[in-house]
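This report looks at charged side chains and at how they are placed in the fold. The sequence and the model are shown here first.

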Amino acid sequence: MKGWSIGDDDKVNDIFNIGGEEGGIDGIEDLSSEVEDNRNAKNEVQQELEMEKKQLLLQLKGPNRAFGDLIAAAGITDAMLDSLIALKDLEGVEGLSPLSEIEDTNSEKSQKSYTRAEIERRKQEEIDKSRVRRVDEKGRAYGTGRRKCSVARVWIEPGEGKFIVNDKQFDVYFPIIDHRADLLRPFCETKTLGLWDVKCTVKGGGVSGQVGAVRLGISRALQNWEPGLRSDLKADWENLYNAIPSSKPLWLVHLFKALGLHACSDLVTTKYRAPGLISITIGFLTRDPRMVERKKPGKAKARKSFQWVKR
């Protein structure tokens, strides 16, 4: 058995790698420097985030808006101001109107007051320009027409003037001459009579209702084929009103002003005994909303009463 000695204590202490005092102090200093570096990095990142936040808030609120800086609030930059100044100096360039003329035209447009009819006419012209041709795979234009209880489906295409209604010639299906003339009026107004092949199917209602439905379908199909024909198919209210003789009854004048309707010039010469005697036209593209009024209880018809017997 080996005895204990002082040298053995040194070996036991070396087992735990404690080492000298200088080595332990150096390790602690390294750890403290790493901690400080991490703190500095975090502070820098936080400062950057705060700067970005301030910039975003400035963009949202706008610079100096509370102090009435309208130019900055409107989003006008220095580059835009420079370009405006450059345009003001370019007065002798060909093809470029001076800035003063542009300002004058803009002020005239803003100050000019239009009547309600003029505004509506301008809107309608813009709508008409936006219309395009609508044709199916077979090269036909389609239009749906309704009148009273009748519904008509009409297809037109350029041809020799054939007119088929429910697989029959239209003069066989509509034997009355006035009905056939009414059907051909859209072609007469557009000066395209005999240039189209028409095929339609109509159901429901009576003869006059079916005639009105087919005519409306033809008018809509013509508009879908050529949007430029819309002006011919619409009612020209001003010309119709001016075509009426100067001796207009007062009730007729008020009726036209209130409803915007105009009497047909060839039928105005009739006597003005009642408003129902005047034939009113509202164009070929307007759906006629008039329907048969329902029968009332206690009446022979919608308005007619039974004969009154005294005893």
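Aspartate 30 has a relative accessibility of 47% and therefore counts as partly exposed, a value that falls between the limits of 20% for buried and 50% for exposed. In this predicted model, aspartate 30 has its place in helix α2, which covers residues 21-61. On the surface, Asp30 belongs to a patch of negative charge, in which it gathers with Glu34, Glu36 and Asp37. As background to such spacing, an α-helix has 3.6 residues a turn, so residues three or four places apart point the same way.

Helix α9 offers another setting, since 16 of its 19 residues are buried, so that this helix is largely enclosed by the rest of the structure. The helix runs over residues 207-225, and from its first C-alpha to its last it reaches 27 Å, close to the 27 Å expected at 1.5 Å a residue.

Oppositely charged side chains also meet, and a search of the whole structure finds seven salt bridges. Three of them, including their closest N to O distances, are set out below.

| Salt bridge | N to O distance |
|---|---|
| Glutamate 226 and arginine 133 | 3.3 Å |
| Arginine 147 and aspartate 288 | 3.5 Å |
| Glutamate 293 and lysine 296 | 2.9 Å |

Which parts of the chain does the salt bridge between glutamate 226 and arginine 133 tie together? Glutamate 226 lies in the loop between α9 and α10 (230-233), whereas arginine 133 lies in the loop between α6 (116-130) and β1 (141-147), so the pair links parts that are 93 residues apart in sequence. Glutamate 226 is partly exposed, with a relative accessible area of 33%, and arginine 133 is likewise partly exposed, at 47%.

The salt bridge between arginine 147 and aspartate 288, with its closest N and O atoms 3.5 Å apart, joins strand β1, which holds arginine 147, to the segment after β7 (280-281), which holds aspartate 288, and so ties together parts that are 141 residues apart in sequence. Are these two partners buried or exposed? Arginine 147 counts as buried at 14% relative accessibility, and aspartate 288 is buried too, with a relative accessible area of 18%.

Glutamate 293 and lysine 296 form a salt bridge at 2.9 Å, and here glutamate 293 is partly exposed at 39% relative accessible area, while lysine 296 is partly exposed at 26%. Elsewhere, salt bridges that share partners join Arg147, Asp288 and Arg290 into one network.

Definitions and conventions:
Residues numbered from 1 in each chain as written. Predicted model: local features only at pLDDT ≥ 70, side-chain atom pairs only at ≥ 80, totals over all residues. Heavy atoms only, no water. Patch = residues over 30% accessible without salt bridge, like charges linked within 9 Å, V, L, I, M, F, W, Y side chains within 5 Å. Areas by Shrake-Rupley, 256 points an atom, 1.4 Å probe, with all protein chains shown as cover. Salt bridge = Lys/Arg side-chain N within 4 Å of Asp/Glu carboxyl O. Lys, Arg positive; Asp, Glu negative; His and termini not counted. Charge placed at Lys NZ, Arg CZ, Asp CG, Glu CD. Helix = DSSP H or I, 4+ residues; strand = E, 2+ residues; numbered from the N terminus. Buried < 20%, exposed > 50% of the residue type's maximum accessible area, 1.4 Å probe, protein only. Expected span 1.5 Å × (residues − 1).
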